[in-house]
Amino acid sequence: KSASSSQQSANNPVSTIPELDLSKKAFKEAVVRHLHSTLGTDENKANNHAWFKAASAAIQELVLNRLRKTQKSHYLNDTRAVHYFSAEFLMGRLLSNNMHNFGLFETAQAALQELGVDLTDVLEEEPDMALGNGGLGRLAACYIDSLATMDYPAIGYGIHYEYGLFRQEIKNGAQIERPDNWRDYGNPWEICRPESIQEISLYGYVETKYGKKGQIQKEWHPGAIVKGLPWDIPVVGYGGKTVNVLRLWESQASGYFNWDVFNAGGYVDAERENVEAETISKVLYPNDETEAGKELRLIQQYFFSACSLKDIIRRYKRAHGDDWSRFTDQVVIQLNDTHPAIAIPELMRILVDRAELDWDSAWEICQNTFAYTNHTLLPEALEKWPARMIEKVLPRHLEIIYEINHRFLSEVEKKWPGDNLMKAKLSIIEESNEKMVRMGNLSVIGAFAVNGVAEIHSRLVKQNLFPEFDALYPGKLTNVTNGITPRRWLKACNPLLSDLISKKIGNDWPLHLSKLDDLSTLADNKTFQNAFMRVKQKNKDALAKEIKQLTGISVDTKAIFDIQIKRLHEYKRQHLNLLHILALYRRLLENPDYEMHPRVFIFGAKAAPGYALAKTIIYAINKVADKINADVRVNQKIKVVFLPNYRVSLAEKMIPAADVSQQISTAGKEASGTGNMKLALNGALTIGTLDGANIEIAEEVGDDNIFIFGNTVEQVEALTARGYNPYDYYYNNKEIKAVLDWLDSDYFTPGQPGELSPLKQSMLDGGDPYLVLADFESYSEANIRLDEAYKDKTRWAKMAILNTAKMGKFTSDRSIEDYVSKIWKLEKCGIE
Ligand code: NTF
């Protein structure tokens, strides 16, 4: 709570400005003014953190000016808007981004320099807003950036977690989790909006009543009421015109208890036991690609969905009163995965129980409001809730879900008469030992559009996940390939490359990324190649310093910088990378003259705290790193670095320095990937499988400019169908056997044999579910091709340039235009 009170002062800059003055003089004055009047310090006493606060407050003045204008313009034009519902927004830092988007970065740098302050140090003071796990949360952040940049009316809705994703420390090679206190010293961007508090209900029971016309009416008597306090984070479009908001809900006790319910049953106390109001928005679940199945998680999902719906309806009613007929003209809600899918029965409840619409009219509104994005095919990530849990927390919603399902199953009956297996498969309810509610099925049924996130993924959604739904609702299932914002992921994070590019092709590429293709004609130009590779070298030098500082490890900056950054998961196969490193180590020990260009293997990854094998893989990488880095027989050729606490701000330092991008998931498992796009955009060459967006990257850059290996989706399917046996590879490939046995010994964990055995075990007796051994040889060959290519400096430079040049497709602006034309049907609304 101290954070929120210290926050209030930063929310109220002492003076406001009538018009925007973007001069150095004005910025300097604003910073000093905030230093004095907001921070209560002065130029001599201020430390970097105070400068950060003052600089942010100075920028926030501009932001809030534009925010007011944007909101006025949207209001006057009564615009249709997209409401992006997401349990995660991985925003990272905002100061540098906001400066860039106002075109003020250089100005601010110069202004601060005159004040004797280095902007780089100031930027380092900002904690990351890490309110997300990985790809899904960062995608949401890129999308709201693009929406604002392209002047689309949009609002992001999510949870104001008190603790974001845990901070990772590495102790003796192992991951430990520490709390992420991102708001400890206040957050200069967020605006608290108590005037827009919402209240939502939980628990209790449903009463059936009869209305005046004898119709059945349902009344939910909740057992608890919780308040949602909104915090708005301004989202500044590039060019600084439109400023949209990200509205994040913080839960608070309402101080209201329903005595009525208590007296009626008395059981309520037991029912509301563990969920105290404030716990709801306390902490982000750190699971990536796994469903948590915990009551608190369900409550989080309902909490933010219900608060957001109320907020939307309040705004709609202000303009249109009780006339629901225009609701779907004004409102479209995008569900970022099934996490907010409970919004579907919640809207039905509001329309049927509260607005007293008949079911069919309500359902029509509902079905024209929601669209759903699927982000994974992994069965362990597909959300299912025990019906009993929903009944306890949201008793009326379970009834509504049953009713939706009942009506849906009669549609199924019409299409496939008498086919009960079909009904069982498509039903929202899974009739297992414990009845479960399938949120994916609910989302497909309740939405008017469903999309996957890359061509291959969307094809698999249609063919493998929801084939019958595709037959039942032709055209509903579609694709929107993911994208990334080039403002953060090139312009801001790689200033040297950005300047070089702008010098050659002009400076409007951040808004029109396909212009990068103009660089293609320079790919063979010696001078440009040299300039391009000089930039890469400088970025590598900078990362080498960072590595030294963070880990104490010295790396050769002339070595290949080979980077794998993403959440730790077996399907992403960091352990395939590790096996290959071990194979190289062994080759070098057996043959000191083994030909290879020096290479630094750099990892960044957090493991879900409960995912034991993922943690073992992190431990194994660190133990192998210790051994190799200290082994003078090989450490001029290979180094292994694990950078702790991988997060957005660390990615921004790593990506510009990468020569090689590791995208090595088992084909069919990585829905899209977005790190693959960021690395290629910054001139890294991909070594990857034909999975997710890698396929589309390969299409863009051409087969000569990417290192593809491994089994395809079809081959993976065939192999599994035949009965894949990892022992075949273990016994037939001496190198595989040797490295797996090596992991099993105590060579890497002296005195502690067996510490790394779970790894070998997962790939043998565990059945090697992600086909690591099946792809090893092909991966090893691709690495040899890569090494060959690197030896030819000219060839590599050309390939790297072409990677940057051909990434136009992957701007999130293109993704947003796809959503707009296929799904959202929005119109732009600028400010005067
Ligand atoms: C992730 N899904 C996918 O695993 C990535 O391939 C994809 O790039 C991102 O979504 C963004 O679309 C998830 O995080 C989740 F939760 F759905 F499993």
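This is a guided tour of a predicted model, from the whole chain to the ligand and then to single elements.

**Whole protein.** Start with everything shown. The C-alpha atoms fill a box of roughly 90 × 70 × 50 Å along the principal axes. The radius of gyration is 27 Å, which agrees with the value near 28 Å for a compact globule of 832 residues. Colour by secondary structure: there are 34 helices and 25 strands. Buried residues make up 52% of the 832. Now draw contacts between residues at least 6 apart in sequence: 77% of them join residues at least 24 apart.

**Two domains.** Select 77-93 together with 128-382; this is domain 1 in the domain assignment. Then select 486-810, which is domain 2. Their C-alpha centres lie 36 Å apart. Look at where they meet: 30 residues of domain 1 are in contact with 27 residues of domain 2. On the domain 1 side, pick out β2 (89-92), α7 (135-149), β5 (167-171) and β6 (174-178), each of which supplies at least two of the touching residues. That side of domain 1 divides into 10 nonpolar, 11 polar and 9 charged residues.

**The ligand.** Centre on the ligand next. Where does it lie with respect to domain 1 and domain 2? Both domains give residues to the shell around the ligand, so it lies between them. The shell holds 18 residues. Show Gly-135, Leu-136, His-375, Thr-376 and Ser-672 as sticks; these come nearest. By type, the shell has 5 nonpolar, 9 polar and 4 charged residues.

**A parallel sheet.** Move to the open sheet of 6 strands, and trace the order β22-β21-β20-β23-β24-β25. The pairing is parallel. Which strands stand at the edges? They are β22 (638-642) and β25 (707-708). Each has a single partner strand, so one side of each is left without a neighbour in the sheet. Now zoom in on β20 (residues 560-565) and β21 (residues 599-604), which pair in the parallel sense over 6 bridges. Label Asp-562: opposite it, in β21, stands Phe-601.

**Helix α12.** Finish with residues 343-354. Of these 12 residues, 9 are buried, so helix α12 is largely enclosed by the rest of the structure. Select the buried ones: Ala-343, Ile-344, Pro-345, Glu-346, Leu-347, Met-348, Arg-349, Leu-351 and Val-352. Glu-346 and Arg-349 are among them. Then step just past the helix to Glu-356, where phi is positive, at about 55°.

Conventions. Residues are numbered from 1 along each chain as its sequence is written. This is a predicted model: local features need pLDDT of at least 70, side-chain atom pairs count only at pLDDT 80 or more; totals for chains, interfaces and linings use all residues. A residue is near a molecule or strand if its C-beta atom, placed from the backbone, lies within 6 Å of it. Ala, Val, Leu, Ile, Met, Phe, Trp, Tyr, Cys and Pro count as nonpolar, Asp, Glu, Lys and Arg as charged, and the others, Gly among them, as polar. Domain bounds come from an automatic or database domain assignment. Two strands pair if DSSP finds at least two bridges between them. Helices (H or I, at least four residues) and strands (E, at least two) are DSSP runs, numbered from the N terminus. A residue is buried if 20 or more other C-beta atoms lie within 10 Å of its own, exposed if 12 or fewer, and partly exposed in between; C-beta atoms are placed from the backbone. Two residues are in contact if their C-beta atoms, placed from the backbone, lie within 7 Å. The radius of gyration is taken over C-alpha atoms; the globule rule is 2.2 Å times the number of residues to the power 0.38.
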